[in-house]
Amino acid sequence: MSETITAPGDAPARVPGKPGGRRRPPRGRKVLPYLLLLPALIAELAIHVIPMLVGAWMSLLHLTQFFIRNWTAAPYGGLTNYRVAMDLNGPVGKDLLHSFFVTVAVTVLVVSGAWLFGLAGSVLLDRPFRGRGALRTLFLVPYALPVFTAVITWRFMFQRDNGMVNTVLSDELHIQHGHPFWLLGGNSFAALVIINIWRLWPFAFLTLTAGLQSIPGDLHEAAAIDGAGFLRRLRSVTLPLLRPVNRVLLLVLFLWTFNDFNTAYILFDLPPTSADVISIHIYNASFITWNFGLGSAMSVLLLAFLLVVTLGYLGTGRLRRRYA
Amino acid sequence: MKARGIAALAASAMLAAGLAACGSGGDNKSSPKTLTYWASNQGRSIQQDQQVLGPELKKFEAKTGIKVKLEVIGWPDLLNRILAATSSGQGPDVVNVGNTWSASLQATGAFQAFDDATIAKVGGKAKFIPSTLTSAGAPGKPPAFVPIYGLAYGLFYNKKLFADAGIKPPQTWQDLVTDAKKLTVPAKKQYGVGMLGASYTEGSHFAFMFGAQNGAKLFDGGQPGFDSPQMVAGVKQYVNLLAGDKVVDPTDAEYVNDSDLLKDFAKGRFGMMMIQSYATAGIQENGMKASEFGVVPIPVLNPLPAGGRKVSSHVAGINIGVFKNTKNKDGALKLVDFLTSPDEQKILNGTFGDLPVVPEAYNDPKFQTPEIQTFKDVLANSAETLPMIPQEAQFETLVGNTVKQLIADAASGKTVDDQAIKNQLTAANKKMQSGG
Amino acid sequence: MHDSTALRWVRGVVLTLLTIFTVLPLYVMVVSSVKPLQDVQGAFTWVPSHVTFQPFVDMWHTVPLGRYFMNSLIVSVSATVCSVLIAIITGYAVSRYKFRGRGTFMTVVLSTQMFPGILFLLPLFLIFVNIDRYTGIVLYGSRLGLTITYLTFALPFSIWLIAGYFDTIPRELDEAARVDGAGPIRTLIRVLLPVAAPGIVAVAIYAFMTAWGEVLFASVLTDESTRTLAVGLRGYANQSNVYWNQVMAASLVISLPVVIGFLGLQRFLVHGLTAGAVKT
């Protein structure tokens, strides 16, 4: 494809003696970048932006089962759906708030757990030793595994009677008594956190390994010669230098965990209250009561929250500065 | 320089073209000479459904020249798929639905009404057993569906375990609880009753039945009454098997798939289970002989509380309907007529272990067993139709999930008393009100 | 410079624990896939009562796994190719041209990364359906629709990473190429792409993995004939028996291509992350 396209483009440039052509930016130069952006722009508009706006519009409608066949005829409800979703005395608002707190708790535990594991793994594997390459490869496997195969395996392990987790904890190690449920009741929260850490820590590991590799080795040498111990070096050399990496890494982990739908969906079908994370809560709120307007309103609230957190975290205008 | 711009444009265009070429377009959905039929999962697996329906649909093709594209959809996906088809107008021509959803789906306006002229094309009203037509749409309106498979709840019991314990099939609910306690020997991992604790549909059905025994009305003038004292008592009657009487293996709280339950029943892990008639086939597939288990109507409270009704099943079953968007309405109706014809009813219901919806089919000896007779009696004497109102599907999901949650709580050791039940039902009730 | 004994001990213990945590589920997956059915229906055992490869044979018949596999493959490969191509030309524009709206563009594109899928799932579905109704282009229930959806999922990160990569390449190289008479396209292909190759590989891995593992949209936007593995695997639960050994065997087979590809190419990902993402 390159041959046919570049050929006509090259032709005039090879003609010598037209130096003036480069002095003022020609019109093509102004249009070209926009043309190049076009495919990405169309794709993002079509799949993300426009549907999001439609979703925001739907949140203002009483879009119930009576109108799903012809949803444009659904009556306009103004902010009613938002009022229902945010009425903390009503059952809908109360459940949404509960689900929000569950999600926050899951996110805090998963992000910090994944980050700590990733840091430990990457720092401890920074020094060469026998078997380092093999361990590095092994640690990445959970991240490479498709979500649904990973979670379905965990689901198999967390079964009450025949699951591996209960067999090991109760019958072999005798750490716990009897066979508790992992996929029902309070333990399901722990199950969700464990699985998410398992899936995400390799990503933290990978990113931090990449970050460590860009730290010049002589900095460590110098610190070591100064007599700084391992922990000192970690605190005063490694961590400060990893700060830019961490900034991005923590944000990405946060967004992934907070928006995660797949794990809870595959693990529970319908999550128990204690593991009722927000994206699946909204999904069920829409489909169970067939009230898609209300579901949309909840999604918009979720997006608003994520926007505020992300912008607050990045400091407004940071992205603009880079690309202005 | 201009040429460069053009080159870039060409590049973008090629990319766009490449993009459009990505993936391979879908197939053409429907044409007048073919029909798409979404069947529900009636057999032991989706494959079995395909194997059973395939040859029958070939017969239909031979008869009418219409080719039927069959898709069998599992229960967890069926309602959402129908909703998606409804909102998009991109659906099948003919579809099976759980009969309790009939009024809810009717309200979307996406289904062809079976008014007198239309129902005449599938054999007329008189073709069907009258009770089965009560759950085909809201009262006072032409039904949106016609029945295809009939079902009813019954109490299945293990004859050997009953003989060992020296008990007879229970006549009253109180007997059932007493018997269950006699059968429960946790040390031997043997329990009185088995249940599909994680199935919200089962939960909602039992909430309805036992609520009715206690005198509850689910909806009064369109207003939900999920948290009335009668409903609380009804839900308690069911959940208490696990929570208070402890005659259910807590593991059952994880069960969502009947295969788990049927397997345990066939192995003698528990003595009784309340399940719909289709289980007859599944139990035998799991290696239990027909002579080793029996079926009686689910016993009701005796005496019934004030206002209580003798309900031991809802009028369960599967309906079949035609999407208004079909390009071949006559063909679609022909298919409905074909599948509900006595011959097909005998074949299909016989294989799946369901009850025919047309009286003629019962001439066949395979429907003259004592089990089938029990289910026929249940439908005739102690079955009530779930309220045929648009909000019914939400009742099933909301109350069903509440029951599921309560069972999970009980199984994991939390106290499930009247107050806990009442609180959860009140929440469901309020969600129903704010959802509508 | 030597590590102290204490440090070596800590390292040994921590790495052992991490290894056990990582390996356990992988072990369960592998070992259960070669167990006979009665083994996976009873209490967990570390070793199979006898090793059988029957699950790997049976799994293709229990659900139409082969078709799901093909669907996943077609959709994921198409989405990857398209999203990499688009990311390259977009990254090129963002890195090499100054134009009005560049900052806004990047902000919008990057912020789509945080949209909760649940917000635009239903509207997207309705839009697809309406496109079909008015233009006859079948997006709902087709692989095309899923491909287009997936390519946008990977796009923001891909553009960002590739633009970052291009930024690290000195503009003098472009100038030199231009003096030699190369146009922008040729500069892109001859100068920028070779240097950015690791970043491109990284982006391709990311895009492929995103598409291969996506569940939510696949469950709504596909029908029986276009179902992908992510949804199809649920089909094993709709059986008269839950064949856990087959589920594990299928999971293993589904995972292997991605895991092998990922591990083979992960050094590019490390490199790509170092050069592109990390330099913010």
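Visitor: What makes a stretch count as a helix or a strand here?

Guide: A helix is a DSSP run of H or I with at least four residues, and a strand is a run of E with at least two. This is a predicted model, and by that rule chain C has 12 helices and zero strands. Read from the N terminus, its elements go α-α-α-α-α-α-α-α-α-α-α-α.

Visitor: How do you know that α8(B) reaches about what is expected for its number of residues?

Guide: The expected span is 1.5 Å times one less than the number of residues. Helix α8 of chain B, residues 200-213, has 14 residues and runs 20 Å from first C-alpha to last, so it comes close to the 20 Å expected.

Visitor: And why is α8(B) called mostly covered?

Guide: A residue is buried if 20 or more other C-beta atoms lie within 10 Å of its own. In α8(B), 13 of the 14 residues are buried, so "mostly covered" fits. After the helix comes B:G215, with a positive phi near 95°.

Visitor: Back to chain C: what share of its residues is buried?

Guide: Of its 280 residues, 56% are buried. The C-alpha atoms of chain C fill a box of roughly 70 × 70 × 35 Å along the principal axes.

Visitor: What makes up the contact between chains C and A?

Guide: Chain C puts in 83 residues and chain A 87. On the chain C side, α12(C) gives the most, with 15 residues. By class, that side has 58 nonpolar, 21 polar and four charged residues.

Definitions and conventions:
Residues are numbered from 1 along each chain as its sequence is written. Chains are lettered from A and ligands numbered from 1 in the order in which they are written. This is a predicted model: local features need pLDDT of at least 70, side-chain atom pairs count only at pLDDT 80 or more; totals for chains, interfaces and linings use all residues. A residue is buried if 20 or more other C-beta atoms lie within 10 Å of its own, exposed if 12 or fewer, and partly exposed in between; C-beta atoms are placed from the backbone. Two residues are in contact if their C-beta atoms, placed from the backbone, lie within 7 Å. Ala, Val, Leu, Ile, Met, Phe, Trp, Tyr, Cys and Pro count as nonpolar, Asp, Glu, Lys and Arg as charged, and the others, Gly among them, as polar.
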